Each structure stands twice: as C-alpha cells, then as structure tokens.
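Hi,

Here's the structure I promised to pass on. Have a look at it first, then read on for what turned up.

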Amino acid sequence: MSLKFVLLPLVAFVILYNIDLAPMIKGIIFIELLMPLAVANVNLASLYDCQPKLVTALVFSLLFYFWGLSFLVFPYSNIFNDECVDCIKKIYLKN
C-alpha cells in the first residue's frame, strides 16, 4: 500500500523535478500520474469486494494530504515559476 501511495508520487516528483520541461507540463504530468492510480484502486476494491469504502476513504484523505503538502513543497521547489503562474492567470482570468 505504501508503495502506491507514497513511493510512486515521490519518485514521480523527483523525476519531474530533474527533467527540463515547462513547469506547467510538469504539473500536468504529475497530476495525470496520480489520478489513474486513485481511480484504479477504487475500481479494483469494488470489483473484488476488498473493503471499497475503506479504499475510497484512504484515496480521499490522501488527496487532501498531498494537496496540503503541495503548498509546502511547491513554493520552495521552483516547479511553478512566475511564467507558469502568469500563463494560468491568463487562461482562467481572461482579462
């Protein structure tokens, strides 16, 4: 269980941190790497009747855990620089 919920996101973060890509692309890839894992865990737990409510609760609570952790890690990691923030503002604010 810790392999999927802890080790995989950490390895993905380290790899993306060291690859020379646009910061917004790095963020999208990181989110895409995490989402199929969460959906697959819930689907498999429901399919094989392996405590699907517990798995759903774990995925949901870990979502908030990593979401909160991202506010602590991302400002110091320079994964989202000012150019990326300006691009996101242009897309969503459309002024």
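Let's begin with a little puzzle: is aspartate 49 buried or exposed? Keep your guess in mind while I go through the overall picture. One caution before that: this is a predicted model.

The whole protein is helical as far as secondary structure goes, with four helices and zero strands. Read from the N terminus, the order is simply α-α-α-α. There are 95 residues, and 21% of them count as buried. As for the outside, the protein exposes about 7,500 Å², and 71% of that area is supplied by carbon and sulfur atoms. I also looked at contacts between residues at least 6 apart in sequence: 56% of these join residues at least 24 apart.

Now back to the puzzle. Aspartate 49 sits in the loop between helix H2 (23–47) and helix H3 (52–77). Its relative accessible area is 64%, so aspartate 49 is exposed, because anything over 50% gets that label. What caught my eye is its backbone: aspartate 49 has a positive phi, about 50 degrees, although it is not a glycine.

Glutamine 51 is worth a click too. You'll find it in the loop between H2 and H3. Glutamine 51 also isn't a glycine, yet its phi is positive, near 50 degrees. And is glutamine 51 buried or exposed? It counts as exposed, at 53% relative accessibility.

Try finding both residues in the viewer, and shout if anything is unclear.

Cheers

Definitions and conventions. Residues numbered from 1 in each chain as written. Predicted model: local features only at pLDDT ≥ 70, side-chain atom pairs only at ≥ 80, totals over all residues. Heavy atoms only, no water. Helix = DSSP H or I, 4+ residues; strand = E, 2+ residues; numbered from the N terminus. Buried < 20%, exposed > 50% of the residue type's maximum accessible area, 1.4 Å probe, protein only. Contact = heavy atoms within 4.5 Å. Areas by Shrake-Rupley, 256 points an atom, 1.4 Å probe, with all protein chains shown as cover.
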